[in-house]
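Student: I should like to take a close look at a single part of this protein. Could you please guide me through one loop and then relate that loop to the rest of the chain?

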Amino acid sequence: MGKIEIDPLRWKEEVLKKYPKKVAKKRDKGILVHDGEMPKQIMANVRSIPGIITARGCTYAGCKGVVLGPTRDIINLVHGPIGCSFYAWLTRRNQTLPPTPESENFMNYCFSTDMQDSNIVFGGELKLKQAVREVFEIFKPKSIGIFSTCPVGLIGDDVHAVAREMKEELGINIFGFSCEGYKGVSQSAGHHIANNTLMKHVIGRNDTAPEGKYKINMLGEYNIGGDAFELERIFEKCGLTLVSSFSGNSTIEQFERAHTADLNVIMCHRSINYVAEMMETKFGIPWFKVNFIGADASAKSLRRIAEYFEDAELMARVEEVIAEEMAIVKEAIETVYPRTTGKVAMLFVGGSRAHHYQELFSELGMSTLSAGYEFGHRDDYEGRRVIPTIQVDADSRNIEVLTIEADETRYRPRKTDEEIAALNAKGCGFGEYDGMMADMAKGALIIDDISHYEMEKLIEIYHPDIFCAGIKEKYCVQKMGIPLKQLHSYDYGGPYAGFEGAVNFYNDIDMMINTSIWKMIKAPWQVEPVIEAEYGV
Ligand code: ICS
């Protein structure tokens, strides 16, 4: 198991051979065999090829489900057919913890206008207004977000006009999102739309800063399986004040006062970099990337934050916390390591986990033979510094790039450019190639927007010890005799972030790859004759 049987270059050649010429030409640019050198270029964030089975989701998923979904006190009203709402109903396992049982929490509900044929023919705005009034009457929320699904854009309902009118009528903050599913090539466009709307309608509305000496925002952490709870525990222990989290375990009030923080740290850069950039321009808050997936990575990230504040007291506290937490981590890894070392993983997840989780696997002594994003952009692969501007790419063609200017009265640069450069030189901040590729080994296969066919061929040829992807892939892969760990929802597990999370992950992976059940399953090609067809040219 786990033995590389064919050269990855040959694997690529064989896979491309099965595609029609035009398709092969396009896929050729999205599949890369790493030669261990940087920089490298890959084609990413482009349209999936029609007919190919992709693992991607839609723009509505990225906006409603991903960025806004984890905030408990905004009512997320979906304007569209009921299915769009139903399938986005807590399936991401983003958790929340209201401070008291009476506190507002609408996350367990599923709000939809339930569009029907007649709304498609005659327009759905009236129904939307009625739904907004109804939801206000029943729940009395502070805020309502209206999310557009595909038909809304096709028939031309103006959700923004409805939001403005209803805001006036009801006196609460109501905002709309033009996040129709087809708007971009993937979820990624939805992130951008969500970021823009948060900036326009929410961030900066409340100037009261929470108490605290070291105030940070945690961006791009969504509390899947309770990850944010673990990070909150660590921050508190270190004496860091979390002003807001975008958006795991968050409230709208946290968003409104996010600009009072001293520093933005970014966990998932892909989904929230726009907010970080815009807050830096408008309020002078610097940002850098962190990674709390992996115990070593968590320690490194904490040190990075402490370095930023350049405060001896904080640095000492952070070191104490790391020492204490690492003792438990070390004990756990020592038990598991002999059973996991040398095994092989493959990771295909959205836009940052396929990179971040490689850290946890390397702590287990496991190597990543192949990885890729569903919808990452080139900077997620190649590194931020290599492609420093927001790319004009397939996403941005349809999506407004907001013009943000410094807010003179509230702009307070937390550090000068020179100070930031000095910190970066110390390794605090981000390195030159901070994308996935620089962390991968020579010979690794990096595959963007992997197709189902390519996935099957990876498994057939390399039979990894574990495959990481999502629910759509899970049972196909397991029927091939390979355990699949869902890195979107964590199956039923988690948290996996921080120190306690790392221990959970070690134990779960050990259990999955070392159970003997997988040896009893034969993949179809091992037992059944296969008929193969060839495409004509
Ligand atoms: Fe970011 Mo699934 Fe995050 Fe990432 Fe994003 Fe999604 Fe999930 Fe996945 C996400 S925001 S929902 S880290 S929490 S859209 S697991 S890019 S695809 S890898």
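**A loop and its surroundings**

Tutor: Setting aside residues up to four places away in sequence, P495 touches G225, G226, D227, E230, G501 and N504. Please bear in mind that the model is predicted. P495 itself is found in the loop that runs between β14 (484–486) and α20 (498–514). The peptide bond that joins G494 to P495 is cis, with an omega of about -10 degrees. In sequence, P495 and D207 are 288 residues apart, and their C-alpha atoms are 32 Å apart in space.

The loop between β14 and α20 also holds D491. This residue is not a glycine, yet its phi is positive, near 50 degrees. D491 has a relative accessible area of 9%, and because buried means under 20%, this residue counts as buried.

Similar backbone features can be found elsewhere. M38 and P39 are joined by a cis peptide bond, with omega about 0 degrees, and P39 is placed in the loop between β1 and α3 (59–68). K140, which is not a glycine, has a positive phi of about 45 degrees; K140 belongs to the loop between α6 (125–139) and β4 (143–148).

Let us now place the loop within the whole chain. The domain assignment gives domain 1 (8–55 + 436–535), domain 2 (59–183) and domain 3 (214–338 + 386–425). Between the C-alpha centres of domain 1 and domain 2 the distance is 34 Å.

The interior comes next. The largest nonpolar core contains 103 residues, and L240, L302, I305, F361 and Y506 have the most contacts inside it. Helix α14 (residues 312–340) contributes the most to this core, namely nine residues. When neighbours within four places in sequence are left aside, the contacts of F361 are A345, L347, M366, I466, C468, F505 and I509. There is also a second, separate core of 29 residues, with I6, L445, I450 and I459 among them.

Helix α2 (residues 21–30) shows how a helix can have two sides. Its buried residues are V23, A24, R27 and G30. Viewed down the axis of α2, these buried residues fall within an arc of 115 degrees, so they line one face of the helix. The exposed residues K21, K22 and K25 are carried on the face turned away from the buried side of α2. The elements that cover the buried residues of α2 include α1 (8–17), β1 (31–33), β12 (445–447) and α18 (452–462).

Finally, consider the ligand. Of the 15 residues around it, R92, H191, C268, S352 and H488 come nearest. The shell around the ligand consists of seven nonpolar, six polar and two charged residues.

Notes:
Residues are numbered from 1 along each chain as its sequence is written. This is a predicted model: local features need pLDDT of at least 70, side-chain atom pairs count only at pLDDT 80 or more; totals for chains, interfaces and linings use all residues. Side-chain values use heavy atoms; hydrogens and water are left out. A residue is near a molecule or strand if one of its heavy atoms lies within 4 Å of it. Ala, Val, Leu, Ile, Met, Phe, Trp, Tyr, Cys and Pro count as nonpolar, Asp, Glu, Lys and Arg as charged, and the others, Gly among them, as polar. A nonpolar core is a set of buried Ala, Val, Leu, Ile, Met, Phe, Trp, Tyr and Cys residues joined through side-chain atoms within 4.5 Å. Buried means under 20% relative accessible area, exposed over 50%, partly exposed in between (1.4 Å probe, protein chains only). Helices (H or I, at least four residues) and strands (E, at least two) are DSSP runs, numbered from the N terminus. Contact means heavy atoms within 4.5 Å. The arc is that of the directions from the helix axis to the C-beta atoms. Domain bounds come from an automatic or database domain assignment.
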